[in-house]
Each structure stands twice: as C-alpha cells, then as structure tokens.
Amino acid sequence: MDSIFHEKQEGSLCAQHCLNNLLQGEYFTPVDLSSIAHQLDEEERMRMAEGGMGSEEYRTFLQQPSGNMDDSGFFSIQWFNLNSLLTGPELISDTYLALFLAQLQQEGYSIFVIRGNLPECEAEQILGIMRVQQQQRPRLIGEEEAQSKHGLYNSTA
C-alpha cells in the first residue's frame, strides 16, 4: 500500500486533497488552487463586462464573493451524467461521484477520461458564472411512458 499516494486532510483543503489523491501525487498546493480560482474570477469579470460594465448584472456580479473558491477550502467543480439514455443531463454531487463511477465499473461500463483542451461551450460559460442546482432528476427515456401505463393499469384494476 506504500505505492498508493494518500494525502491526509489538513484544515479545510478538500479540493487540494481530492485532486492530489486522484492524480496520485503532490500536484496542487493551496496557493496553486487559489491562483486558479483568481484566474477564473478574472475571466468571469471580463466575460460579464462584455455585456456592459454599467449593467445591473455586472454591478451585482462584482458585489458577490468568488464562486470559485473561499477561505474554507471550497473549490467549485460540477459533474454531470450525460448518459444519452436520460431525458437530460443529471447533476452529480461530489459525494455521489465516486459511488456512481464505482457502480458503473461494477456493472461493466467503460469510463473514459478526456484530457487536453476542449472546445468552449455555452454551458461552461454559464457554469463559470453561477453554480447550478437541479430541481428534478432526469428519467431514462421511456421511463415516464412505462410508469404512466403502469399507473393507468393500477387505477383500473
């Protein structure tokens, strides 16, 4: 077990420990993550300014604290299940992500990791400005139809 890198929790640096444990080495320090968060904050300010520096949205944005990091060690990353059999994207919490991936592996699914520069998309820009909360979990395609038929059958039985 000595060959497995394990960074123990210190303070509230959960993002740092998570990334370093995942990457199996001391890749990130608190200063590194803080620098990345500040870069993201600056990029967000520039994007918001494109809509007009005098706009109400821009002024409101400037008054808010960073959505990318705080002094407690919070570092914002959001995960989505983009299974094409779902009716839409599913937001996955940080705590559920490991369980979700383990379950997929156990069921024989392949998990692909994509590295490198990816094309920008509108969703990424929106997620850079605000954190998303999912109101309702998407269903499997056909699940609603099957449930309504089942409900109809039960109501006439």
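In this predicted model, R45 is partly exposed, its relative accessibility being 31%, and its partner E42, at 38% relative accessibility, also counts as partly exposed. The side chains of R45 and E42 are joined by a salt bridge, with a distance of 3.4 Å from N to O; this pair satisfies the criterion because a side-chain nitrogen of Arg lies within 4 Å of a carboxyl oxygen of Glu. Both residues belong to helix α2, which spans residues 30-49, and because they are 3 residues apart there, about one helical turn separates R45 from E42.

Helix α2 also holds R47 and E43, which are 4 residues apart, a spacing of about one turn of the helix. The side chains of R47 and E43 form a salt bridge at 2.9 Å, again taken from N to O. R47 has a relative accessibility of 32% and is therefore classed as partly exposed, while E43, with a relative accessible area of 32%, is partly exposed as well.

A further salt bridge links the side chains of R59 and E56, where the N to O distance is 2.8 Å. These two residues lie in helix α3 (residues 56-63), and their separation of 3 residues places R59 and E56 about one helical turn apart. R59 is partly exposed at a relative accessible area of 40%, whereas E56 reaches 52% and is exposed, since the exposed class begins over 50%.

In general, side chains that carry opposite charge can pair when their charged atoms come close. Under the distance rule applied here, the model contains 4 salt bridges, among them the pairs R45 with E42, R47 with E43 and R59 with E56.

Note on methods
Residues numbered from 1 in each chain as written. Predicted model: local features only at pLDDT ≥ 70, side-chain atom pairs only at ≥ 80, totals over all residues. Heavy atoms only, no water. Buried < 20%, exposed > 50% of the residue type's maximum accessible area, 1.4 Å probe, protein only.
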